[in-house]
Amino acid sequence: MGVGADGSEGPADPDDDFRQFVEARWTALVRFGYLLTGDWAAAEDLVQVALERSWRRWGQVRDGRPWAPEAYVKAAMANQLRSWWRARRVTAVSLAHVTEPPEPGSDPGPGHALRDSLWRELLLLPPRMRAVVVLRVWEDLSEIETARVMGCSPGSVKSQMSRAMARLRRQPGVLEAAGRNATEVRR
Amino acid sequence: MTHDDTGHGDRNDDLAVLDVLRGVMDDAVGDATRPAPRWDELERRLREARRRRRLGDAGRAVAIAGVVAAAVLGATVVVPGLDTSPRPAVTSPSSTRGSLGGDAAWLAGLREHVAEQPEGAPARDQKVLFAGDVGPYRLALVDGAQRGSRELGAEPAWYLAAAGAPPDRMRPSRTSAGVCGVQPPGCAAAPIGTGSLPDAVSLVLDGRSLDADAVPGVRRGDRAVVVVVPRRPVNVTLEGPPRYAADGTVSHPRPTPLPESHGVRQAVITTGGRHRLVVGSTPSEQVTAEIWPDLTDAPHFPVEDAAPSFNGGVTPPRHEVQGALLAVQHASGLAVNTSRRRLLWAGAFGGRRHGVLAVTAPSGAHVVGVFRQLGAPADLGTWLTAGAVLPAGPLEDVAVAWPNPVAEPTGEAGDPRPSGRIAALGPAGATSATFVDGDGRTLATTALTDGFGMATAPGTRSVRFGDPTGRVVTTVPVRPLLTLDDHDFDR
């Protein structure tokens, strides 16, 4: 028995170790991929490609060189996403192009509109910027940790995050709703 | 929303937005468990992917090894399609291509500058693959710029500044995504970056990617720059935007080889519209990138005079019109400043939002896009378009009819299923629509509201629009749906 990818005791065979890692972390990785792509099928494809890349180096990766295993796979996903995005010939178009007047009594409320607007804008962010936002907000990584995953400088992470926030704040309704929340924060 | 002078208001607002965004992400992933595939199936897929990658790596290794060997032996490397002057290997520190390739002092300065950046790799570990001036930019492509980037399989990094800049002014590209394909509103923000193509590393700076802060004096949307650094012999061509004749026919200029300079293919594009960059010698290996010098992101896309709805109906908010028009503009391939845009009609039926928009070419021909929502009203997904190119004429005469399909499940694109419902938008003055089959038989008739009507009439081949007196104003064929994925409806 050796030490597994998660630090616990596990099989010494890299393939077995890799298999255990995949089975344990698949859902988390796919969720991360979904936040990057907005599409479950694309998320699973992204995970698979990243796993293939990681598998080749699993002997190093499971030892945490140069990354902890999950961070390595997520970094590979973020890099792969950029490649896909560049080669992509098609993208989804925002649905909010034409507005249907709300039916009486069907208004889902400002909170729903805000969330819809933010989700939509998140998916419209450039992939690298989107990855930074997901890593910082969803994964709760620090700027330095995010920079390591993204292969860029902490300053670049800060810049990306700042630009993303500027875009998110521009969304109709976001400022008002955020302002309400901010007021509560200030209290 | 209030902002105090200290900026704490902004920070609090950001915290509030982030808080909501975290909730948005929670909602998005929900409780999805997404079970892992069976291990044997996943292992089979991974082994297959590994095999394909190895085959690809082997091909590249042979190509690179050949160049390295030639350089070591002092032989002349001849790259078909490029000039035949001696060219060093891309893997050697002394092999930098581009107009600065021979400027050892500048290159050394750049490596030192990159090494001084946070997480920068030592200068000796970096390889400057390309450095030179292209149009208003000074660009450099550095492999291994950051510590650990090679282990991660990260691509080389681009640095840029204004043409003629010293090394210490070079800035890393702030975001990455250079060679992008069709990106309607989503391309919106494709900034600067690299593209790992099968045979080359390339950089495209266009209206969507321009880093205005980096190069003062270059305005967003006034030009594009393309740099392709080939790894091995490869064809690189550039095709200009399509041309729409007044009769509605479309032609495409012949693709021309991209000029080569200092071992790279590069171009500065100063005309608007969609350009296609094709890298690769055979269809199976070709990679296409689309370049729009003048197509900026949605917030900057001009929609003056595009609304209100020409034929009545709902007039959506400006930013929504902007997004849809951007998509049709993109599908048309037309230059922004030589075409006009207009929302013809917008409304909702069948529980879905719809819109009809037109981009008018300099000849007067119209590229019409019909947008239809997939999924529930509040969901994000894909719109379909019924694309059509109509001959020149006033917007009052524009009339289109299209099959209104049954939507796929929420959030999923795909081939829509036919429903037998036909939607029709008539010309000015039309008050009724008659749905006619291939033998001229009337299948249904409906009154138009704001010029729009729909009927369930399977087998409809054309729609006749009539005025209040019963006179036929015009007859149009039912045009099949094209999805935005089939954006090439100009072909």
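This is a tour of selections in a predicted model, taken from chain B as a whole to single residues in chains A and B.

**Chain B overall**

Start by selecting chain B. It is 491 residues long, and 54% of them count as buried. Colour by secondary structure and you should find five helices and 28 strands. Among its contacts between residues at least 6 apart in sequence, 59% join residues at least 24 apart. With the surface switched on, chain B exposes about 19,600 Å², and carbon and sulfur atoms supply 52% of that area.

**A four-stranded sheet**

Next, select the strands β23, β24, β26 and β27 of chain B. They form an open sheet in the order β24-β23-β26-β27, with antiparallel pairing. Its edges are β24 (442–447) and β27 (472–477) of chain B, each of which pairs on one side only. From one strand to the next the twist averages 20°.

Zoom in on β23, residues 432–436 of chain B. Five bridges join β23 to β24(B) in the antiparallel sense. To see the register, label B:Ser432, which stands opposite B:Ala447 in β24(B).

**B:Arg138**

Move to strand β2 of chain B, residues 137–143, and show the side chain of B:Arg138. Is this arginine buried or exposed? B:Arg138 counts as buried because its relative accessibility is 9%, below the 20% limit. Its side chain reaches the backbone oxygen of B:Ala165 at 2.8 Å. Leaving aside neighbours within four places in sequence, the contacts of B:Arg138 include B:Leu100, B:Trp106, B:Asp133, B:Tyr159 and B:Met170. Also among them are B:Leu160, B:Ala161, B:Ala162, B:Ala163, B:Gly164 and B:Ala165.

**The largest nonpolar core**

Now show both chains. The largest nonpolar core has 58 residues, and those with the most contacts inside it are A:Leu51, A:Met77, A:Val133 and B:Leu21. Helix α1 of chain A, residues 14–37, gives the most to this core, with ten residues.

Centre on A:Val133. Not counting residues up to four places away in sequence, A:Val133 touches A:Leu122, A:Leu125, A:Trp138, A:Met161 and A:Ala164, and from chain B it touches B:Leu21 and B:Met25. Elsewhere, apart from this core, lies another of 23 residues, among them B:Val303, B:Ala306, B:Ala324 and B:Leu334.

From A:Val133, step across to A:Leu122 in helix α5 of chain A, residues 110–124. A:Leu122 counts as buried, at 0% relative accessibility. Beyond residues up to four places away in sequence, A:Leu122 touches A:Leu35, A:Arg130, A:Val133, A:Leu168 and B:Met25. For a distance check, pick A:Leu36: A:Leu122 and A:Leu36 are 86 residues apart in sequence, with their C-alpha atoms 8.8 Å apart.

**Two loop residues with positive phi**

Finish with backbone angles. Most residues other than glycine have a negative phi.

Select A:Asp140, in the loop between α6 (127–138) and α7 (143–150) of chain A. The phi of this non-glycine residue is positive, near 60°. A:Asp140 counts as exposed, with a relative accessibility of 57%.

Then select B:His262, in the loop between β12 (260–261) and β13 (264–269) of chain B. B:His262 is not a glycine, yet its phi is positive, at about 55°. B:His262 is partly exposed because its relative accessible area is 47%, which falls between the 20% and 50% limits.

Conventions. Residues are numbered from 1 along each chain as its sequence is written. Chains are lettered from A and ligands numbered from 1 in the order in which they are written. This is a predicted model: local features need pLDDT of at least 70, side-chain atom pairs count only at pLDDT 80 or more; totals for chains, interfaces and linings use all residues. Side-chain values use heavy atoms; hydrogens and water are left out. Two strands pair if DSSP finds at least two bridges between them. Helices (H or I, at least four residues) and strands (E, at least two) are DSSP runs, numbered from the N terminus. Axes are lines fitted to C-alpha atoms, for helices over the stretch in contact, and angles run from 0 to 180 degrees between N-to-C directions. Buried means under 20% relative accessible area, exposed over 50%, partly exposed in between (1.4 Å probe, protein chains only). A polar contact is a pair of N or O atoms within 3.5 Å; within protein, one must be able to donate a hydrogen and the other to accept it, and residues adjacent in sequence count only if both atoms are side-chain atoms. Contact means heavy atoms within 4.5 Å. A nonpolar core is a set of buried Ala, Val, Leu, Ile, Met, Phe, Trp, Tyr and Cys residues joined through side-chain atoms within 4.5 Å. Accessible areas come from the Shrake-Rupley method with a 1.4 Å probe; for residues, only the protein chains shown count as cover.
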